[in-house]
Amino acid sequence: MATSPNTKTGPRASTPRKAGTTTRKTATASTTTSTQPTTRVDQVQQIAERAILVPVGAGLIVRDNLVSTVRNLTTKYRSREGVERELKRYERRGVTARNRFERQVRKTRTRFERDLRQRRKSVERTVKQNRRRLEREVRTVRKDLEKQSETLTTRVEKLVVEAQELLGVS
């Protein structure tokens, strides 16, 4: 069976296509925004505009910042009083930074010393406990040795007496 160019094939093959019509999706059904270029010419035009406008915009922002900085400086340093006021402001800020740093150093030193004291006390406590335990064990071992020594001495003396009796030695 030969198919003509105007007939469809596939799941909807039963409905013939009209000559000269094409199926296109409308732009309203897509999720793209209206600011996106739709043709290659528009895309190239947008890229060219960006290539020019980005450096111009950046230059204008830099100029605005520079003008603002110069305006601030001329306002602050217009007179001797202004310069002195700014110097005092810088000095106060320096004093504040120094005090904050010194406070932080003192806190760190205090924390370190406290930690050191705690560790020293812990070590001293452990040494003291170990010394007590050792002394207690030494006393116990000494008592056991004394008992065993006495028992051994008593047995040896008893054996000597029995041996002398058997031998008849007085």
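This report describes the helices, surface patches and salt bridges of a predicted model.

## Overall picture

The protein has 170 residues, of which 2% count as buried, and its secondary structure consists of 2 helices and 0 strands. About 16,700 Å² of the protein is exposed, and carbon and sulfur atoms supply 56% of that area. One of the helices, H2, spans residues 80-167, and several of the features described below involve residues of this helix.

## A nonpolar patch

On the surface, Leu73, Tyr77, Val83, Leu87 and Tyr90 form a nonpolar patch, and together these residues have about 440 Å² of accessible area. Helix H2 contributes the largest share of the patch, with 3 residues.

Val83, which is found in helix H2, can serve as an example of a patch member. Its relative accessible area is 32%, so Val83 counts as partly exposed, and because a patch residue needs over 30% relative accessible area, this value lets Val83 meet that requirement.

## A patch of positive charge

A patch of positive charge also lies on the surface, where Arg100, Arg103, Arg106, Lys107, Arg111, Arg114, Arg117, Arg120, Lys121 and Arg125 gather. Among them, Arg103 is found in helix H2, and with a relative accessibility of 45% this residue counts as partly exposed.

## Salt bridges along helix H2

Side chains of opposite charge can pair when their charged atoms come close. Across the whole structure, a search finds 6 salt bridges, and three pairs can be followed in detail here.

In one of these pairs, the side chains of Arg80 and Glu84 meet with an N to O distance of 3.0 Å. Arg80 and Glu84 are 4 residues apart in helix H2, which means that about one helical turn separates them. Arg80 is exposed, with a relative accessible area of 63%, whereas Glu84, at 37% relative accessibility, counts as partly exposed.

Another salt bridge joins Glu113 to Arg109, with their closest N and O atoms 3.3 Å apart, and these residues are likewise 4 residues apart in helix H2, or about one helical turn. Glu113 is partly exposed at 32% relative accessibility, while Arg109 has a relative accessible area of 53% and is exposed.

The side chains of Arg119 and Asp115 also meet in a salt bridge, at 3.2 Å from N to O, and both residues lie in helix H2, 4 residues and about one turn of the helix apart. Here Arg119 counts as exposed at 55% relative accessibility, and Asp115 counts as partly exposed at 32%.

Technical notes
Residues numbered from 1 in each chain as written. Predicted model: local features only at pLDDT ≥ 70, side-chain atom pairs only at ≥ 80, totals over all residues. Heavy atoms only, no water. Patch = residues over 30% accessible without salt bridge, like charges linked within 9 Å, V, L, I, M, F, W, Y side chains within 5 Å. Areas by Shrake-Rupley, 256 points an atom, 1.4 Å probe, with all protein chains shown as cover. Salt bridge = Lys/Arg side-chain N within 4 Å of Asp/Glu carboxyl O. Buried < 20%, exposed > 50% of the residue type's maximum accessible area, 1.4 Å probe, protein only. Lys, Arg positive; Asp, Glu negative; His and termini not counted. Charge placed at Lys NZ, Arg CZ, Asp CG, Glu CD.
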